[in-house]
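Dear colleague,

I am handing over a structure that you have not worked with before, and my notes on it follow below. Please read them with the sequence and the coordinates open beside you.

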Amino acid sequence: MLSKEQIEQIVQATIAQMNNQQTASASAPAGAAGAGNGWMFDRAEDCVDAAIAAQKKLVAMTMDQREKLIRAMRRAARENAEKLAQMAHDETGYGKVPDKIAKILLVANKTPGTEDIVPRVFTGDHGMTLVEQAPFGVIGSITPSTNPPGTVINNSISMIAGGNAVVFNPHPSATKCSQEAMRILNEAIVAAGGPMGLICCPTKPNMETSAVIMNHPKIKLLSVTGGEAVVGVAMKTGKKCIAAGPGNPPVIVDETAHIPKAAKNIVDGASFDNNVLCVAEKEVFCVNTVYDQLMSEMQKNGAWLVKGEDIDKIVRTVLINKDGKYVINRKFVGHDATYIMDASGVSYSGAPRLVIAEVPKDHPFVVVEMLMPVLGCVRCDNVDQAIDRAVEAERGCWHSALMHSTNYLNMSKAAKALNTTIFVKNGPSTAGVGFNGEGYATLTIATPTGEGLTSARSFTRARRCVLEDGFRII
């Protein structure tokens, strides 16, 4: 069982860490039948029981039938993208509705399905070996307030494609939009011939339901997308855990970069959904010879440059100094650049979507993962200094980093030094998760536990079946 200390940590992770936001309304999402509707229950234990029963029916289906369910989930997510994006914005206050729509469409279209778990076969003089990806059964999943419906859709497709059911415990401040996404997906699954209950959720997700899910003996795998505190608690349960932890992605710009394109890419990536994506550009390290040009080009693309006292005003507004260490004021997470400048008493013109500021390498705009459209920019003597400072700012999270350059030796040097799960070259950060970039999409990027960009295969276990001296045709 979880200790009293671990339960208290969950309290901190789900309430204090997430910024004293009010717990979501207890009312069920629109269209839901309420507790006992086959997927949402007052008790987390009942969620697990329902998911177990549904998962047994899922694995009795053929792979073609399973893929039919995935197609239905994709279609339902696409049809409800605008509604879910608006709900998420209204409930959390984070980001921009058009960008949230884009994220939902991204995961609906580009999250891998059953094609991700194809079997492998080895044959030779000693017979044949078959390796298949088998489900864990029921997965316990903790989801964040930053990308709520998108993460639910992404995780659900991946987990069900892998043959699992899932019990979600969404962040309390994103309960309604998360549960509405679950309702839509469950109804799509049933309409396509699948069982009700492959996606379950407590009626009122909170620290107690999180503890039940994390500690339930019939849940063998946990998937956690959130901050350091809740990830730490999950990893102490003794269960296999796929954890998406923090990051502080730096951007390096060297003297060979195509500066107009680099500037546009940086502004586009850092302002996308007001910087709540974990892969988003969080600070810039630019070689001095092209620094002024980069700053000028960023302003042409929607950034607003602040200087002097205006920088200090924003620091005092969006950051809290706790015993000499800065932490973010969550009232400003995911809010517009203009909202932040208005609250700080900083004058501007037009409608800038990103605040930029020239700061030293140890400034809080650089060292703190802010999750808002405020970007610290640091002058560097040369590319080697820029790489060293980027490594320092990334803090060994192994999450994401970016570089703008046409020198492949510099890019290779940076990639090796940073050692991040995602390394984007000459593009915006969104390309790293498949948005206008090649490769599949995910919103759960497991850096602390090493799975990287998760997909259906991540939520399965390899099983080997060996036949000695037989069943060969040559």
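**What was found in the model**

Three elements, α4 (81-92), α5 (97-110) and α6 (148-161), each supply at least two residues of the lining of the second largest cavity. Please keep in mind throughout that this is a predicted model. The second largest cavity holds about 60 Å³ of space, and a search of the whole structure finds three cavities of 30 Å³ or more. Its lining is made up of Leu84, Ala85, Ala88, Lys100, Lys103, Ile104, Thr146, Asn147, Pro148, Pro149, Gly150 and Leu443.

Turning from cavities to pockets, the second largest pocket has a volume of about 310 Å³. Of the 16 residues that line this pocket, Glu132, Gln133, Ala134, Pro135 and Arg463 are the closest to its centre. At least two lining residues come from each of α3 (63-79), β3 (127-135) and β20 (460-468), and the largest share, five residues, is supplied by β3.

Arginine 463 also appears in a comparison with glutamate 228, since the two residues are 235 residues apart in sequence and 32 Å apart in space, taken from C-alpha to C-alpha. Glutamate 228 lies in helix α9, which covers residues 228-235, and it counts as exposed because its relative accessibility is 58%, above the cut-off of 50%.

A second glutamate has other surroundings, and I would suggest looking at it with some care. Glutamate 281 is found in the loop between α10 (259-271) and β10 (283-287). What is the nearest side chain of opposite charge to glutamate 281, and how many Å away is it? It is that of lysine 282, at 7.2 Å, and glutamate 281 is buried yet has no salt bridge. The side chain of glutamate 281 does, however, make a polar contact with the side chain of serine 429, at 2.7 Å, and a polar atom of the glutamate 281 side chain lies 3.1 Å from the backbone nitrogen of alanine 270. Leaving aside residues up to four places away in sequence, glutamate 281 touches Pro249, Val251, Asn265, Ile266, Gly269, Ala270, Asn275, Leu375, Leu402, Gly427, Pro428 and Ser429.

Helix α8 can be described from its start and from its buried residues. At the start of α8, a side-chain oxygen of asparagine 206 reaches to within 3.0 Å of the backbone nitrogen of glutamate 208. Within the helix, which covers residues 207-215, the buried residues are Thr209, Ser210, Ala211, Ile213, Met214 and Asn215.

Finally, two loop residues deserve a look at their backbone angles. Most residues other than glycine have a negative phi. Tryptophan 398, in the loop between α15 (383-394) and β16 (400-404), has a phi near 60 degrees, a positive value in a residue other than glycine. At 47% relative accessibility, tryptophan 398 counts as partly exposed. Asparagine 419 is found in the loop between α16 (408-418) and β17 (422-425), and its phi is likewise positive, near 60 degrees. Asparagine 419 counts as partly exposed because its relative accessibility is 43%, which falls between the cut-offs of 20% and 50%.

With best regards

Note on methods
Residues numbered from 1 in each chain as written. Predicted model: local features only at pLDDT ≥ 70, side-chain atom pairs only at ≥ 80, totals over all residues. Heavy atoms only, no water. Helix = DSSP H or I, 4+ residues; strand = E, 2+ residues; numbered from the N terminus. Buried < 20%, exposed > 50% of the residue type's maximum accessible area, 1.4 Å probe, protein only. Lys, Arg positive; Asp, Glu negative; His and termini not counted. Salt bridge = Lys/Arg side-chain N within 4 Å of Asp/Glu carboxyl O. Polar contact = N/O pair within 3.5 Å; in protein donor to acceptor, adjacent residues only side chain to side chain. Contact = heavy atoms within 4.5 Å. 1 Å grid on protein atoms, 1.4 Å probe; cavity = no way out; pocket = protein on both sides within 12 Å on 5 of 7 lines; lining within 4 Å. Points joined across faces, edges and corners; volume = space filled by probe spheres on them.
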